[in-house]
Amino acid sequence: MATPLPLQDRIAIVTGASRGIGRATALHLASLGAKLVINYTSNKAQAELVAAEINSSSSPSSPRAIICQADVSDPTQVKSLFDTAEQIFNSPPHILVNSAGVLDAKYPTIANTSLEDFDKIFSINSRGAFLCCREAANRIKRGGAGRIILMSTSLVGSLKPGFGAYTASKAAVETMAKIMAKELKGTGITVNCVAPGPIATDMFFSGKSEEDVKKAIEDSPLSRLGETKDVASVVGFLASDGGEWVNGQVVRVNGGYV
Ligand SMILES: NC(=O)c1ccc[n+]([C@@H]2O[C@H](COP(=O)([O-])OP(=O)(O)OC[C@H]3O[C@@H](n4cnc5c(N)ncnc54)[C@H](OP(=O)(O)O)[C@@H]3O)[C@@H](O)[C@H]2O)c1
């Protein structure tokens, strides 16, 4: 008999899975056997491509991936994201990966950050993480294999100018994760943050000059940008049974620049 895959038939919700790190994470979790809810907010076509890639190896009558639009900053939409996962796969979800996030590509100092931009960043990155965590804490399967994995940033360690509101919004996420890991005592659910350094995605390249990109590569001990698969493999480890003992932690994935 074939050995079951590490995440065989576990249900995973990945927010922001239409692009970038979320996309690579969804594909990786699927390769480990999970069934996926591919969340997006505006790029339906890209979300559909991710689901189609996963479903290309499953029977059309029981797809292993579905797409679900939800803005993570809206409590009703976050609730319906979890409702959809439960209804389609007929089980409480086992894994939440919250990869949805935004950055201010003007890279303003705090002195030059508009209230509107500050509110937008906190609304999606911090409030969105809170809403997803709250729903997950109440609805993820108890008794083992439950995983909540939140995306932070290594900027919380490197504290670069020009990323004030963004970095602060992720520091809030790290704090929530550490507290929630303790609050979920007795449930078997672990809560961790993955905190990437520069990863080659739309978000990273947005608003950056060639010089900025070169500098990020120079700052890296491994002389390259991170790739989405560098992050996805760490999420996959945390999501699997072998990652259970890592709980309430921030795992920086950045090639060593901080
Ligand atoms: N790339 C990096 O260098 C880097 C470094 C450290 C941390 N991170 C963090 O890693 C995460 C993923 O970043 P990325 O580089 O993959 O970004 P990305 O390529 O810009 O993708 C962002 C994803 O988030 C989704 N999204 C945005 N706002 C949303 C909302 N309100 N509700 C639901 N989904 C929403 C987007 O959906 P649509 O496609 O529908 O717009 C997209 O799927 C973010 O939390 C980011 O802060 C990234």
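In the predicted model, α4 and α6 pack with their axes 8 Å apart and at an angle of about 15°, and because angles under 35 degrees count as roughly parallel, α4 is described as roughly parallel to α6. The crossing of these two helices, α4 and α6, is right-handed. On the side of α4 the contact is made by Asp117, Phe118, Ile121, Phe122, Asn125, Ser126, Ala129, Phe130, Cys133 and Ala137, and on the side of α6 by Ala165, Tyr166, Ser169, Lys170, Ala172, Val173, Met176 and Met180. Sorted by class, the contact of α4 with α6 comprises 13 nonpolar, three polar and two charged residues.

Helix α4, which spans residues 115–139, also packs with helix α3, residues 75–89, here at an angle of about 40° and with the axes 10 Å apart; this angle makes α3 oblique to α4. The crossing of α3 and α4 is right-handed, and the contact is formed by Pro75, Val78, Lys79 and Phe82 of α3 together with Leu131, Cys132, Glu135 and Arg139 of α4. In terms of residue class, the contact of α3 with α4 contains five nonpolar and three charged residues, but no polar ones.

A further helix pair is formed by α1 and α9, the latter covering residues 228–239, whose axes come within 8 Å and cross at roughly 50°, which makes α1 oblique to α9. The crossing of α1 and α9 is right-handed. Gly20, Ile21, Arg23, Ala24, Thr25, His28 and Leu29 in α1 meet Thr228, Lys229, Val231, Ala232, Ser233, Val235, Gly236 and Ala239 in α9, and the classes represented in the contact of α1 with α9 are seven nonpolar, six polar and two charged residues.

The strands of the model include seven that form an open sheet, in which the pairing is parallel and the order is β3-β2-β1-β4-β5-β6-β7. Its edges are occupied by β3 (65–69) and β7 (250–253), each of which pairs on one side only, while neighbouring strands of the sheet are turned by 20° against each other on average, with direction ignored. Within the sheet, strand β1, residues 11–15, and strand β4, residues 95–98, pair in the parallel sense over four bridges, and alanine 12 stands opposite isoleucine 95 in β4. Helix α6, residues 164–183, packs on the sheet and touches β5 (146–151), β6 (189–196) and β7, its direction making about 160° with that of β6. Helix α6 thereby has contacts both with the sheet and with α4.

The surroundings of the ligand draw on several of the elements described above. Of the 31 residues around the ligand, those that come nearest are Gly16, Gly20, Asn43, Ala100 and Gly101. Two or more residues of the shell are given by each of α1 (20–31), β2 (35–40), α4 and α7 (202–205). Gly20, one of the nearest residues to the ligand, is also among the residues of α1 that meet α9, and α4, which contributes to the shell, is the helix that packs with α3 and with α6. By class, the shell around the ligand has 12 nonpolar, 16 polar and three charged residues.

Terms used: Residues are numbered from 1 along each chain as its sequence is written. This is a predicted model: local features need pLDDT of at least 70, side-chain atom pairs count only at pLDDT 80 or more; totals for chains, interfaces and linings use all residues. Axes are lines fitted to C-alpha atoms, for helices over the stretch in contact, and angles run from 0 to 180 degrees between N-to-C directions. Angles under 35 degrees count as roughly parallel, over 145 as roughly antiparallel, 65 to 115 as roughly perpendicular and the rest as oblique. A crossing is left-handed if the near helix is turned anticlockwise from the far one by less than a right angle, and right-handed if clockwise. Two residues are in contact if their C-beta atoms, placed from the backbone, lie within 7 Å. Ala, Val, Leu, Ile, Met, Phe, Trp, Tyr, Cys and Pro count as nonpolar, Asp, Glu, Lys and Arg as charged, and the others, Gly among them, as polar. A residue is near a molecule or strand if its C-beta atom, placed from the backbone, lies within 6 Å of it. Two strands pair if DSSP finds at least two bridges between them.
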